[in-house]
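Biologist: Please take a close look at a single part of this structure, the nonpolar patch on its surface, and then place that part within the chain as a whole.

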Amino acid sequence: TTASNGQVTVTLAGSPTNLVIDLVGYYEGIATDGSTYVAVTPQRFVDTRSGLGASGPGTGPLTVTLPATVPQNALAVLLDVSVVGPDTSGYLRLTAPGVPATTTAITAVPGESRTGLVITGLRDGQITLAAFGTNTHLVIDLVGYQSADPQAASPSPSATISPSPSP
């Protein structure tokens, strides 16, 4: 997958497949609000198979605390999220605690593990997730965060997160 000038190119190899792409946000090169995207070494903080961060499988809603790597002034997090072994078809949604989840992060298919990058807001260092229509294990890695403090940035580009409409 590559992106340039507001367009995304997806290249698939192998047999024909159906593809669904949901835009849940994007990062721009320069943030107008002074915030900055900070990439981190991926850090697993939820694995319901082993009881890390929560036990499972389950449906939620489940509120989990983010790793201490995420500062108090963070506005959002970028996560690598997997649904593992769902029992039926359904979907997973993530959001800040107390905020209704309106965008599907990952669609679950019985017996299939699926992974995707998810941008979500947070509150008090926590996120809330819920599986709808399925009972599944979850594996979540922190990949980065949006900091309100531009001085906290690594050499990553600045960013602005803009939500897209719900599907």
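Modeller: Strands here are DSSP runs of E with at least two residues, numbered from the N terminus. With that numbering, V10 lies in the loop that joins β2 (7–9) to β3 (36–47). The model is a predicted one. V10 is one of the residues that make a nonpolar surface patch of about 470 Å²; the others named in this patch are V8, L12, L19 and I21. Patch residues must have over 30% relative accessible area. V10 has a relative accessible area of 32%, so this residue counts as partly exposed.

The patch may now be set against the surface of the chain. The chain exposes about 9200 Å², and carbon and sulfur atoms supply 53% of that area. Of its 167 residues, 38% count as buried.

The fold consists of ten strands and zero helices. Among contacts in the chain with a separation of 6 or more, 79% are made by residues 24 or more positions apart.

The interior offers a counterpart to the patch. The largest nonpolar core has 25 residues, and F45, V77, L79 and I127 have the most contacts inside it. Two or more residues come from each of β3, β5 (74–84), β6 (90–95), β7 (104–108), β9 (126–132) and β10 (137–147). The most are given by β5, with five residues. Leaving aside residues up to four places away in sequence, F45 touches several partners, including L52, V64, L66, L79, I127, I140 and L142.

Key. Residues are numbered from 1 along each chain as its sequence is written. This is a predicted model: local features need pLDDT of at least 70, side-chain atom pairs count only at pLDDT 80 or more; totals for chains, interfaces and linings use all residues. Side-chain values use heavy atoms; hydrogens and water are left out. Patches are made of residues with over 30% relative accessible area and no salt bridge: like charges are joined within 9 Å, nonpolar side chains (Val, Leu, Ile, Met, Phe, Trp, Tyr) within 5 Å. Accessible areas come from the Shrake-Rupley method with a 1.4 Å probe; for residues, only the protein chains shown count as cover. A salt bridge is a side-chain nitrogen of Lys or Arg within 4 Å of a carboxyl oxygen of Asp or Glu. Helices (H or I, at least four residues) and strands (E, at least two) are DSSP runs, numbered from the N terminus. Buried means under 20% relative accessible area, exposed over 50%, partly exposed in between (1.4 Å probe, protein chains only). Contact means heavy atoms within 4.5 Å. A nonpolar core is a set of buried Ala, Val, Leu, Ile, Met, Phe, Trp, Tyr and Cys residues joined through side-chain atoms within 4.5 Å.
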